[in-house]
Amino acid sequence: MESSTLSRRTFWLLLLAVAAIWFGNIEHRKIIPTDEGRYAEIAREMAASGDWVTPRLNDIKYFEKPPLQYWATATAYEIFGVHQWTARLWVALTGFAGVLLVGFAGKRLFGPAAGFYAAMLLGSSQLYVQMAHINTLDMGVTFFLTLGIVSLLLAQQEVADAGASGAQGNKAARNWMWLAWIALALAMLSKGLMGPVLPGAALFLYCVFQRDWSVWKRMHWGIGLLLFLLVSAPWFYLVMQANPEFFQKFFIYEHWTRFTTKELDRYQPWHYFIPILLFGMLPWTLLMFDTVLRAWKNSAGRVGAFNPVRFLLFWSGFVYVFFSVSGSKLPSYLLPMLPALALLMGRQLTLMTERRLFWLIAPTIALPLLIMAAVPFSGHFARTPLRQQLYAEYALWLGGAALCWLVGTIAALLLLRRTRKMAAVLALALGSLIAAQLAASGYNTIARERSSYLLADAVRPYMKPDMPFYAVGMYDQTLPFYLNRTLTLVDNKEKELNFGIAQEPWRVLPDLPSLAQAWQAQPEAMAIMPLRYYPLLEQEGLAMKILYQNEASIVVSKP
């Protein structure tokens, strides 16, 4: 078994450097639609209203997800203020904590070198790094799911190490299992029933195939279920007391309907996740395939003993299959399988020769070269002159990212030729992490078209605290966040808000005549709309003064 060669001082310097790279750009990038604007705004309204029970989006009830991330982000707003970095802080923190957790678990399960490798692999995989810097709910639930399954594995390891009469080991195993129950409760508060259902189903399948049901006797069901309910149940009770319609919307529609139907416009074919997994595991994709193919064969273990390698394989495979058959698919749904794959790959690296790793990394050198070659032709993908300019600017960032990836790959290959495996993994991991951060930071060039921060800056001087502001036939998910206020929807086209509007229809105006009546009755008002709505409002007799206009929308005020 290879041992770690990092001194304590080197380890802490490396950790500080990685943390600086990891958190360095969470304020730099503008908030973009749809998810980032939505989850930043729900938390802002929660902090502003003081209602931490009923989530609202643009002052409309929003029951699609539980509140843990809203609470965390609203707390960050209360302490540090409403900023882009506080909106993303929970995601970045749980992503970074996930890397540390995988390193710790790998060390305890498979040895120090395996833990170091697992952390480096996870913290440099493209999908994981990107999703740890985009404000969605998937990174938070991934961290708590990982904490839950890791705690289960460590509990079983304590039992195996202590033997049948090891009281201290049994106490440690009990504590790990209690932590597992708490983690699953926090996963449920992060994204709903998938928190307990996915790990439970994966464990069931593992036991069926392994023909080993003894782990179910070591789950500490009594105290475990009590801890789970104490953590997860209070909010569900409070929100259903305040909102009787919550149960049908959250438990039936958002879980059963989302999984079994195509109603949410997120349907993709069964092979949708194949390219996402191939790209998402870069630059370690070939290592992943090598690990999965070898892990099952080389992990027989003792009969009757819990097998962590096979459980991690079952967990990864189950997550992939579960979401592949779902009627709703997004790239981020694969995140929960990545920490388990990193643990398996970290273990595999300790058993692998430098020569074999060399040939698993070498083919990927073609990808950064292709990206760099494509940079001069970025304008061919643009349909408008503005996009041609934006794509050309972003291509320079992508070229820089590809160059960092290329340098890291070449350095890793050279180090492997000198049989310095750990240094090679570190070089490629840092190159990949920096490349991912450069690619994400450069997205600001395109955010000028997608985000509403420029529009908000232009109209903010005309706003007054109590002035009505109407959003006509549109809802830009980032605008309320940047204006620091909600809008009154007119002729709503945003389907995700329909349920909340049905509960409180007085919060919106149903059509243009209703807006015309309200506009005439108010001394001051502002409105934003797609360009095609402006002549329609002129026909309704609205007196309007244009304050701002871009390629897609127009902002007016009452003269």
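Strand β3 is covered on both faces: Phe-469 and Ala-471 are buried on one side, and Tyr-470 and Val-472 are buried on the other. As background, side chains in a regular strand alternate between the two faces of the sheet. Keep in mind that this is a predicted model. The protein chain as a whole comes to 25 helices and seven strands, and here's a quick tour that starts from β3 and works outwards.

**The sheet around β3**

- The open sheet has five strands in the order β4-β3-β5-β7-β6, and the pairing is mixed.
- β4 (488-490) and β6 (545-549) sit at the edges with a single partner strand each, so one side of each has no neighbour in the sheet.
- Neighbouring strands in this sheet are turned by 25° against each other on average, if you ignore direction.
- On one flank, β3 pairs with β4 in the parallel sense over three bridges, and Val-472 has Val-490 as its bridge partner in β4.
- β3 also runs parallel to β5, with three bridges joining the two.
- Phe-469 finds its bridge partner in β5 at Met-526.
- That Met-526 also stands opposite Ser-557 in β7.
- β5 (residues 526-530) and β7 (residues 553-557) run antiparallel and are joined by five bridges.
- Helix α24 (residues 512-521) lies across β3 (469-472), β4, β5 and β7, and runs at about 165° to β3.

**Nonpolar cores**

- The largest nonpolar core has 128 residues, and the ones with the most contacts inside it are Trp-22, Leu-203, Trp-284, Phe-311 and Trp-315.
- Helix α7 (residues 138-162) supplies the largest share of this core, at twelve residues.
- Take Phe-311: leaving out residues up to four places away in sequence, it touches Ile-149, Leu-152, Leu-153, Ala-202, Leu-203, Tyr-206 and Phe-306.
- Another core, of 38 residues, lies apart from the largest one, and Ile-31, Tyr-77, Leu-137 and Phe-469 are among its members.
- So Phe-469 turns up twice in this briefing: it belongs to the 38-residue core and it is a buried residue of β3.

**Asn-243 and Gln-248**

- Asn-243 sits in the loop between α10 (221-242) and α11.
- With a relative accessible area of 2%, Asn-243 is buried, because buried means under 20%.
- The Asn-243 side chain makes a polar contact with the side chain of Thr-54, at 2.9 Å.
- Not counting residues up to four places away in sequence, Asn-243 touches Thr-54, Lys-61 and Phe-63.
- Gln-248 is placed in helix α11 (residues 246-260).
- Gln-248 counts as partly exposed, since its relative accessibility is 42%.
- Gln-248 touches Tyr-253 and Phe-499, again leaving out residues up to four places away in sequence.
- If you want a long-range ruler, Gln-248 and Ala-395 are 147 residues apart in sequence and 46 Å apart in space, C-alpha to C-alpha.

**A buried lysine**

- Lys-329 is in the loop between α14 (308-324) and α15 (337-351).
- Even as a loop residue, Lys-329 is buried, at a relative accessible area of 3%.
- Its side chain reaches the backbone oxygen of Ser-326 at 2.7 Å.
- A polar atom of the Lys-329 side chain also lies 3.1 Å from the backbone oxygen of Ser-324.

**The chain overall**

- The radius of gyration is 26 Å, which agrees with the value near 24 Å that a compact globule of 559 residues would have.
- Along the principal axes, the C-alpha atoms fill a box of roughly 80 × 60 × 45 Å.
- Buried residues make up 56% of the 559 residues in the protein chain.
- Looking at contacts between residues at least 6 apart in sequence, 74% join residues at least 24 apart.

Definitions and conventions. Residues are numbered from 1 along each chain as its sequence is written. This is a predicted model: local features need pLDDT of at least 70, side-chain atom pairs count only at pLDDT 80 or more; totals for chains, interfaces and linings use all residues. Side-chain values use heavy atoms; hydrogens and water are left out. Two strands pair if DSSP finds at least two bridges between them. Helices (H or I, at least four residues) and strands (E, at least two) are DSSP runs, numbered from the N terminus. Axes are lines fitted to C-alpha atoms, for helices over the stretch in contact, and angles run from 0 to 180 degrees between N-to-C directions. Contact means heavy atoms within 4.5 Å. A nonpolar core is a set of buried Ala, Val, Leu, Ile, Met, Phe, Trp, Tyr and Cys residues joined through side-chain atoms within 4.5 Å. Buried means under 20% relative accessible area, exposed over 50%, partly exposed in between (1.4 Å probe, protein chains only). A polar contact is a pair of N or O atoms within 3.5 Å; within protein, one must be able to donate a hydrogen and the other to accept it, and residues adjacent in sequence count only if both atoms are side-chain atoms. The radius of gyration is taken over C-alpha atoms; the globule rule is 2.2 Å times the number of residues to the power 0.38.
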